[in-house]
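Trainee: I should like to learn how to read the features of a structure that is new to me. May we go through some of them together?

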Amino acid sequence: MKIIIVGCGKVGTTLVRELAAENHSIVVIDTDAEKLEEIGNMLDVMCVEGQGESVSVLRDAEVESCDLLIAMTKSDEINLLSCLLAKKLGAKNTIARVRNPIYAEGINLIKDDLGLSLAINPELAAANEISRLLRFPTAIQVETFAKGRVEIMKYAIPEGSILHELRIHQLRTNLKTTVFICAVERGNEVFVPTGDFILRAGDVISFVAPIKVANDFFSKVGAVASRIKNVVILGGGRITYYLTKKLLESGIKVKIIEIDLNRCEELSELLPEAMIIHGDGTNNHLLHEEHIENADAVLSLTGVDEQNVLMSIYASQQVPNAKVITKIKHFDFDDVLKGMPIGSIVYPKHITADRILQYVRVMQNSWEAGMESLHRIVDDRVEALEFRIRQNSLILDVPFADLDIGKGTLVACITRDGRTFTPTGKDSIQMGDTVIVVTTHKGISRLEQILEDETV
């Protein structure tokens, strides 16, 4: 497909790299000549210098023949105007990043009038992810599939765990659990394991399970955490605003510590049920005065990565039983952060890129291809894909034992008529099923591509 990306900041550049790797024809529009030169030297893409809301610039980018325009500048207004003009000039589909809460509340009412195919709000998406993590305090990461029926969760195996030295196939017999372990991170290595794989303390496992089965699993491995009732949030930005609204609606008490007095006053008006504290969240005396030790969860959500990391380390030491979540803006810190006691890490920009990549793959293969969601569960090395079976295929009604599924790919679970199960060799995929596939291969957008001779 021909895709135009307006704005090459962190997310825009990530999208350019990912989509170019999937063999799309990419055009990048930006006002920064140096950034364009850097991207042009790295990747085989066309670069156009100028404003994304300029008709002449859009025409230079050949917008009339593009399949998708993605507007990712820092300005909501420019993004919306770029999409509107692109649609008028002939672009088939448009995506805009829209971050302002005022716009977010009404964007769906005027989406069609603006010619928008998708409006994505990184802060709202991050707030939703954090909310899921707070529902399962023991998990490091939680992704939802099958309309909320199935979760993929990450869990770090601690020292002394009954999972240590256990083979994966023994989970069913020894623990009487049906969770399906689909990925294991061990140091810098990532495995898509077979049943004979031996788990060890220190491993980070990703497993698929319905909510009740996941809770039962955590109970059996001694990783039960109490329901979160009160949360301390350091930083009062947009993610904090969206998240606090959700938490208050769930009956969770929220205390926000924000250094900017004007923002404190705004939050007091917007969130009257929350407790807003004006102060520096990096000041340990203030944190003691506000009784951080009584918090069930401590969330470091300021706009500065270094502050978030330091505050999360401090919270992990002072409140060892609390759920700790750290927001990170920059992708480049991954290797440095591994092993640090900063709890779950949330990357708003990763979430945004994943959502757009999912949309592009669905677009590429049309509605009949059936891909409904995509999540990267181990950085960018392992993907979990959800397919809804809507049309006949050679892969249907064939027992899994007779399918030559490619190495590095697993069919994690099937949801059929409201029931979720892990398939055996005798099971087969049926029309109407929701199928979750976990794979190390990039670019899969059709279920048939899980086969050895189709693997990309």
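Mentor: We shall take a sheet, two residues, the cysteines and a helix in turn. This is a predicted model, in which local features need pLDDT of at least 70 and side-chain atom pairs count only at pLDDT 80 or more, while totals for chains, interfaces and linings use all residues. Residues are numbered from 1 along each chain as its sequence is written, and side-chain values use heavy atoms, with hydrogens and water left out.

Trainee: In what order do the strands of the open sheet lie?

Mentor: Strands are DSSP runs (E, at least two residues), as helices are (H or I, at least four), numbered from the N terminus. Two strands pair if DSSP finds at least two bridges between them. Here an open sheet of 5 strands follows the order S18-S19-S22-S20-S21, with antiparallel pairing. Strand S18 (371–378) and strand S21 (419–421) stand at the edges with a single partner strand each, so one side of each has no neighbour in the sheet.

Trainee: Which residues stand opposite one another in S18 and S19, and in the pairings of S22?

Mentor: S18 pairs with strand S19 (residues 382–388) in the antiparallel sense over 6 bridges, and Val378 stands opposite Val382 in S19. S19 is in turn joined to S22 by 6 bridges, again antiparallel; Phe387 has Val435 in S22 as its bridge partner. Strand S20 (residues 409–416) also runs antiparallel to S22, with 6 bridges, and Ile414 stands opposite Val435.

Trainee: Is strand S22 mostly covered or uncovered?

Mentor: A residue is buried under 20% relative accessible area, exposed over 50%, and partly exposed in between (1.4 Å probe, protein chains only). In S22 (residues 434–439), 6 of 6 residues are buried. Thr434, Ile436 and Val438 point one way, and Val435, Val437 and Thr439 point the other way.

Trainee: What surrounds Thr434?

Mentor: Contact means heavy atoms within 4.5 Å. Not counting residues up to four places away in sequence, Thr434 touches Ala146, Glu386, Phe387, Arg388, Cys413, Ile414 and Thr415. Thr434 has a relative accessible area of 8%, so it is buried. A polar contact is a pair of N or O atoms within 3.5 Å; within protein, one must be able to donate a hydrogen and the other to accept it, and residues adjacent in sequence count only if both atoms are side-chain atoms. The side chain of Thr434 makes such a contact with that of Arg388 (3.2 Å).

Trainee: Where is Gln141 placed, and with which side chain does it make a polar contact?

Mentor: Gln141 lies in strand S7 (residues 141–145). Its side chain makes a polar contact with the side chain of Glu143 (3.0 Å). At a relative accessible area of 14%, Gln141 is buried. Beyond its neighbours within four places in sequence, its contacts include Arg376 and Ile377.

Trainee: How many disulfides are there?

Mentor: A disulfide is a pair of cysteine sulfur atoms within 2.5 Å. The count is 0. The sulfur of Cys47 is 7.5 Å from the closest cysteine sulfur, in Cys8, which is too far for a bond.

Trainee: What span should helix H6 have?

Mentor: The expected span is 1.5 Å times one less than the number of residues. For the 14 residues of H6 (residues 122–135) this gives 20 Å, and the end C-alpha atoms are 20 Å apart, which agrees. Of these 14 residues, 10 are buried, among them Ala126, Ile130 and Leu133. At the start of H6, a side-chain oxygen of Asn121 reaches to within 3.1 Å of the backbone nitrogen of Glu123.
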